[in-house]
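Biologist: I would like to learn how to read a fold like this one. Could we go through it together, one question at a time?

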Amino acid sequence: MPAAAAGQGARGGGGRATRAQRRGWGLRPQPLRWFCRPAGPAKRRRPPAPPAERTGTALHPRLGCAMLFSVRLAGCTHAERHKLKRGRYNMKGLLVMNTFGQSEGFLALQHTLLGAAARKDIQLDLYTNSQLLFDVTTNTPLRPLAAYDFCLFWDKDTVLGKQLEYRGLRLFNPVEGIAAADNKLLTHMALCRAGLPQPATVQAPLTFAGLGYTRLDFLEQAEAYLGYPMVIKECRGSFGWQVYLAQDREAAIQILVEHAPSPMLLQAHVGGPEGEDVRIYVVGGRVIGAIRRYNPHDFRANVASGGIAEAYAPTPGETQLAIQAAAALGLDFAGVDLLPGQNGPLICEVNSNAQFHGLAAKTGVDVAGAIFSHIQQVIGRHTV
């Protein structure tokens with residue numbers, strides 16, 4: 001058929017153009033474009049995020065600025081994020097961490113805790129202690145604070161912890177336990193009241209800023225009782241960074257003078273020149289995992305000081321001792337460090353906010369999951 005005839009046939013034989021041809025679309029049918037964008041009101045905007053999600057923040061690891069809106073979702077899978085946005089969690093908790101401790105390890109810890117909470121059907125809002133300011137005369141927060149079922153207090157700001165407890169919030173761990181674990185002298189005093197074995201320990205007398213130790217005659221009593229080498233510790237410290245070894249009196253004087261007026265303790269040295277201990281993690285009155293730490297280059301076994309960790313199966317005696325140590329300080333969960341003594345293990349330290357990534361990596365234990373399971377049991381709400 002000639003092209004003209006084909007065109008006439010397409011027009012219906014009588015020369016009338018089809019509707020599509022009149023619109024200039026040619027012979028091929030085209031989509032009805034006016035259906036793609038219907039007339040009417042403008043597209044509805046997404047509603048703003050809930051206040052709890054907007055105000056929960058963390059510091060950006062490189063920029064140092066606050067990260068908003070996504071903190072509660074940081075450690076969640078896609079399904080958990082969907083559940084969180086739909087409000088299908090059966091508990092609501094507050095996670096408190098320190099503003100000024102935002103190291104890479106602490107950011108990884110935040111991620112782990114937020115993800116573990118979501119997997120346990122717990123909505124967990126993250127706040128740093130600088131975001132939770134109170135008028136202490138009225139116990140009124142300077143910013144509105146939502147109602148929570150519990151608080152996972154992963155900080156040592158005990159004044160803030162007290163403010164939250166005064167508002168009726170159950171803290172894990174309780175403030176009294178955190179305070180006792182944070183001060184090594186108070187730790188040893190609590191262990192003494194419970195009758196638990198520990199290295200011989202003597203408190204260094206308190207001095208003041210600007211004065212330091214102007215007299216050191218007290219050192220004669222301590223060295224006669226403890227001998228050398230002598231361990232000298234600042235009462236507050238982490239990762240073994242504030243722990244020193246004095247081989248003689250001259251070294252002890254140098255350490256005391258250099259670190260005054262920080263409160264300190266003097267302790268008998270247990271073991272040899274190589275660091276060795278056992279870290280046992282206790283949650284809810286039971287041991288969930290343990291590692292043995294060994295350092296051939298330092299008397300401190302801490303991994304942060306170069307120690308090497310490996311999975312460890314604690315003996316029944318060590319297990320019982322760790323459980324008793326956590327209970328003596330009133331802690332829901334704790335990392336208990338044991339030293340190998342001549343007559344059995346000795347409790348070296350009890351950590352209320354112990355890092356657990358190394359233990360989890362070596363043992364495969366879900367420490368964060370165990371903590372939230374304990375919280376659910378205490379609060380009385382379980383995942384179905």
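Biologist: Which residues is Leu152 in contact with, leaving aside its neighbours within four places in sequence?
Modeller: Happy to help, and please keep in mind that this is a predicted model. Leu152 is one of the residues that touch the most other members of the largest nonpolar core, alongside Trp154, Tyr281 and Phe372. Beyond its neighbours in sequence, its contacts are Leu94, Leu95, Val96, Leu113, Phe172, Phe333, Ile371, Phe372 and Ile375.

Biologist: Which element gives the most residues to this core?
Modeller: The largest nonpolar core has 30 residues. Strands E3, E4, E7, E13 and E14 each supply at least two of them, and so do helices H5 and H13. The element that gives the most, with 6 residues, is H13.

Biologist: What is the order of the strands in the open sheet of 4 strands with parallel pairing?
Modeller: A little background helps here: strands of a sheet pair through backbone hydrogen bonds, either parallel or antiparallel. E7 and E8 pair in the parallel sense over 2 bridges, and Leu152 has Phe172 in E8 as its bridge partner. E4 and E8 are the edge strands with a single partner each, so one side of each has no neighbour in the sheet. The order is E4-E3-E7-E8.

Biologist: At about what angle to E7 does H13 run?
Modeller: Two helices are worth finding beside this sheet. H5 packs on the sheet and touches E3, E4 and E7, its direction making about 155° with that of E4. H13 lies across E3, E4, E7 and E8, and its angle to E7 is about 145°.

Biologist: Is Asn173 buried or exposed?
Modeller: Look for Asn173 in the loop between strand E8 and helix H7. Not counting residues up to four places away in sequence, Asn173 touches Phe153, Ile178, Leu331, Asp332, Phe333 and Ser352. Its relative accessible area is 0%, and buried means under 20%, so Asn173 is buried.

Biologist: Which backbone oxygen atoms does the side chain of Asn173 reach at 3.1 Å?
Modeller: Both belong to residues that Asn173 touches, Phe333 and Ser352. One of the oxygens reached at 3.1 Å is that of Phe333. At 3.1 Å the side chain also reaches the backbone oxygen of Ser352.

Biologist: How many residues of strand E17 are buried?
Modeller: Start with the partner strand: E16 and E17 pair in the antiparallel sense over 7 bridges, and a hairpin joins E16 to E17 through 2 residues. Within this pair, Leu339 has Leu346 in E17 as its bridge partner. E17 is largely enclosed by the rest of the structure, because its buried residues number 6 of the 8.

Biologist: Why are the buried residues of H6 on the same side of the helix?
Modeller: As a reminder, an α-helix has 3.6 residues a turn, so residues three or four places apart point the same way. In H6 the buried residues are Leu160, Gly161, Gln163 and Leu164. What covers them includes E3, E5, E7, E8 and H7, while the face turned away from the buried side carries the exposed Val159 and Tyr166. The buried residues lie on the same side of H6 because they cover an arc of only 160° around the axis.

Biologist: Is Gln102 buried or exposed?
Modeller: Gln102 has its place in the loop between E3 and H5. The cut-off matters here, since buried means under 20% relative accessible area. At 18% relative accessibility, Gln102 counts as buried.

Biologist: Which are the edge strands of the open sheet with antiparallel pairing?
Modeller: This sheet of 4 strands has the order E9-E12-E10-E11. E9 and E12 are joined by 3 bridges and run antiparallel, with Val202 opposite Leu266 in E12. The edge strands, each pairing on one side only, are E9 and E11.

Biologist: At about what angle to E11 does helix H10 run?
Modeller: The antiparallel sheet has helices lying across its strands too. H9 lies across E9, E10 and E12, running at about 30° to E12. H10 lies across E10, E11 and E12, and its angle to E11 is about 150°.

Conventions:
Residues are numbered from 1 along each chain as its sequence is written. This is a predicted model: local features need pLDDT of at least 70, side-chain atom pairs count only at pLDDT 80 or more; totals for chains, interfaces and linings use all residues. Side-chain values use heavy atoms; hydrogens and water are left out. A nonpolar core is a set of buried Ala, Val, Leu, Ile, Met, Phe, Trp, Tyr and Cys residues joined through side-chain atoms within 4.5 Å. Buried means under 20% relative accessible area, exposed over 50%, partly exposed in between (1.4 Å probe, protein chains only). Contact means heavy atoms within 4.5 Å. A polar contact is a pair of N or O atoms within 3.5 Å; within protein, one must be able to donate a hydrogen and the other to accept it, and residues adjacent in sequence count only if both atoms are side-chain atoms. Two strands pair if DSSP finds at least two bridges between them. Axes are lines fitted to C-alpha atoms, for helices over the stretch in contact, and angles run from 0 to 180 degrees between N-to-C directions. The arc is that of the directions from the helix axis to the C-beta atoms.
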